[in-house]
Amino acid sequence: MGDFAGDVRTEVLVVGAGPTGLLLAAVLTRLGVDVVLTDGKSGPTRESRALVLQARTMEILDQLDIVEPVLAETTTATAACPGFERTSFGRVPIGRIGAGVSPFPGLHVLEQSRTESILVDQLDRLGGTVLWDHPLAGLTTPVEGHSAVEAELNGPDGPLLVRAQYCVGTDGASSLVRKLRGIPFEGITNEHTFYVADAHGVTGLEPEAVNIRFGTDDFLISFPMAPGGNDRLLGTIRLSDVHEVVTEAAARSKLSHVFGVDYDSASWFSTYRISHRVAARFRDGPVFLAGDAGHVHSPVGAQGMNTGLQDAHNLGLALASVLRKNADPSALDRYEAERRPVALRLVSTTDRAFGIVTGASAFSRFVRRRASRVIVPIIVGVVPRLPGARRLFEYLSQTRIHYWMSAEAKATGRRGRVVGRRLSWTGTNFDVLRSLDWQIHGYGVVDRRDAVRITSALRLPFHRFPAVGSSKLSPGRFYLVRPDGFVAAEAAGGEAIAVFRRALSEHGVRPEHSGIGAVTG
């Protein structure tokens with residue numbers, strides 16, 4: 001690679017200090033993994049960019065002791081307000097619907113620049129840092145030597161060589177890590193142009209809510225950024241020429257004439273075209289992709305940054321398990337097996353939704369012009385009373401994600417209500433997840449002798465919680481919970497040791513390295 005001004009050795013190199021890279025570095029640093037986080041920028045982004053933190057992301061931030069500074073700055077949207085052009089059809093109380101699902105119901109709005117700043121502060125408190133002004137220039141995986149990855153960074157004082165056991169590309173949609181590894185970025189770029197404005201003095205929208213307005217040929221979605229008419233406005237403009245430039249004046253005219261929305265000023269205005277793409281692989285030997293480097297899609301549903309942060313959470317805990325808990329390196333294969341299907345489903349769903357919003361087909365135009373004005377008002381009125389309303393919130397909040405916990409379970413094709421999903425919240429059972437380690441849970445009355453026997457055999461901590469009538473967690477059963485809060489297995493007391501040992505083995509974990517046995521509750 002040439003002459004270098006310095007040579008650094010580390011366990012994990014993370015390329016890209018956006019939200020995904022910062023959270024990944026924070027997880028690794030907290031768990032004692034040596035990490036180098038690098039970025040070509042001079043510091044955190046100053047633009048608002050991604051905006052919404054979903055309930056599942058807030059739970060992760062809470063698990064990592066980062067949620068308090070986030071809550072101090074967020075604006076919470078507790079309702080969604082669909083409508084057609086100038087007419088709002090009412091408010092869907094998403095906060096109330098999600099109240100029993102998560103300790104963080106609603107949509108938490110915080111501009112990306114503040115999210116990044118909070119994550120940088122957290123990394124600093126943990127003793128980590130970011131190599132700003134150090135763009136990636138080259139990446140190789142030597143056949144010989146003590147490192148699995150060698151990366152060349154162009155620093156202010158000259159080239160820097162970083163040798164690492166693993167490298168993670170969190171360097172965005174144009175990921176150089178992905179390109180250098182020759183990983184295809186499969187999908188399409190939509191022909192329509194999106195505009196985004198952080199607007200002030202906004203009128204014509206329902207306050208403190210996410211507004212979703214269909215038009216005959218146009219679409220608008222807004223997110224409340226702060227009280228007093230400060231909103232993020234995102235919309236489409238149908239152009240006769242895809243090369244035509246959308247100006248702020250044109251967007252303001254469309255907003256006013258079609259949707260009856262006006263504003264005084266904008267601190268940020270930009271346009272872009274939407275891509276729906278997923279990397280063909282999330283892992284290539286010792287190199288991984290996370291966040292926008294692995295998947296991009298439309299902003300419909302406000303899922304993008306959240307998916308990247310959850311990638312980081314999943315991968316960070318897996319890497320720490322291998323590097324600090326002596327888990328088998330094959331455990332890292334679960335990252336792609338679990339997170340890539342999530343990305344594929346998300347891209348497929350948002351692609352279909354975006355097609356209805358922007359499509360020129362007869363069906364899309366019918367939905368926008370006719371069906372939205374007839375069906376949506378009815379839905380708004382009945383959704384809060386529907387049994388499926390809670391499930392809808394779980395999908396949107398990303399609290400219903402499912403992973404296959406074993407090859408046997410995947411072969412059946414049947415998804416369980418509990419196993420393979422994030423642990424159901426009962427109101428008291430999330431605080432213990434801050435240990436970031438394997439643990440066993442019981443709810444209601446459980447046989448204490450079984451608990452002691454299981455804990456002694458597996459050397460895992462046991463926590464008992466009161467039974468909750470509406471919970472999916474059955475009294476008397478035992479649940480094996482992963483460090484990321486997903487349930488790996490469940491069993492009756494007499495079967496738990498064998499069942500849990502198989503589950504730990506599926507994750508490459510040896511029971512003697514999974515935790516320290518203790519019974520609480």
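Me: What does "buried" mean here, and what share of the protein chain do buried residues make up?
Reply: Buried means a relative accessible area under 20%. In this predicted model, buried residues make up 55% of the 521 residues in the protein chain.

Me: How many helices and strands does the protein chain have?
Reply: The protein chain has 14 helices and 24 strands.

Me: Take one residue, L107. Is L107 buried or exposed?
Reply: The cut-off for buried is under 20%. L107 has a relative accessible area of 13%, so L107 counts as buried. This residue is found in strand β7, which covers residues 107–109.

Me: Which residues does L107 touch, leaving aside those up to four places away in sequence?
Reply: L107 touches V52, L53, Q54, T75, T76, A77, I94 and V210. As for V210, it is 103 residues from L107 in sequence, while the C-alpha to C-alpha distance is 8.6 Å.

Me: What portion of the contacts in the protein chain join residues at least 24 apart?
Reply: Counting contacts between residues at least 6 apart in sequence, 71% join residues at least 24 apart.

Me: Why is strand β21 described as largely enclosed?
Reply: Strand β21 spans residues 461–465, and 4 of its 5 residues are buried, so the rest of the structure largely encloses this strand.

Me: In what sense do β20 and β21 pair?
Reply: Strand β20, residues 439–443, pairs with β21 in the parallel sense over 4 bridges. Within β21, F462 is the bridge partner of I440. Between β20 and β21 the chain passes through helix α13, residues 448–458, and this β-α-β crossover is right-handed.

Definitions and conventions: Residues numbered from 1 in each chain as written. Predicted model: local features only at pLDDT ≥ 70, side-chain atom pairs only at ≥ 80, totals over all residues. Heavy atoms only, no water. Helix = DSSP H or I, 4+ residues; strand = E, 2+ residues; numbered from the N terminus. Buried < 20%, exposed > 50% of the residue type's maximum accessible area, 1.4 Å probe, protein only. Contact = heavy atoms within 4.5 Å. Pairing = 2+ DSSP bridges. Right-handed = clockwise from strand over helix to strand, strands pointing away.
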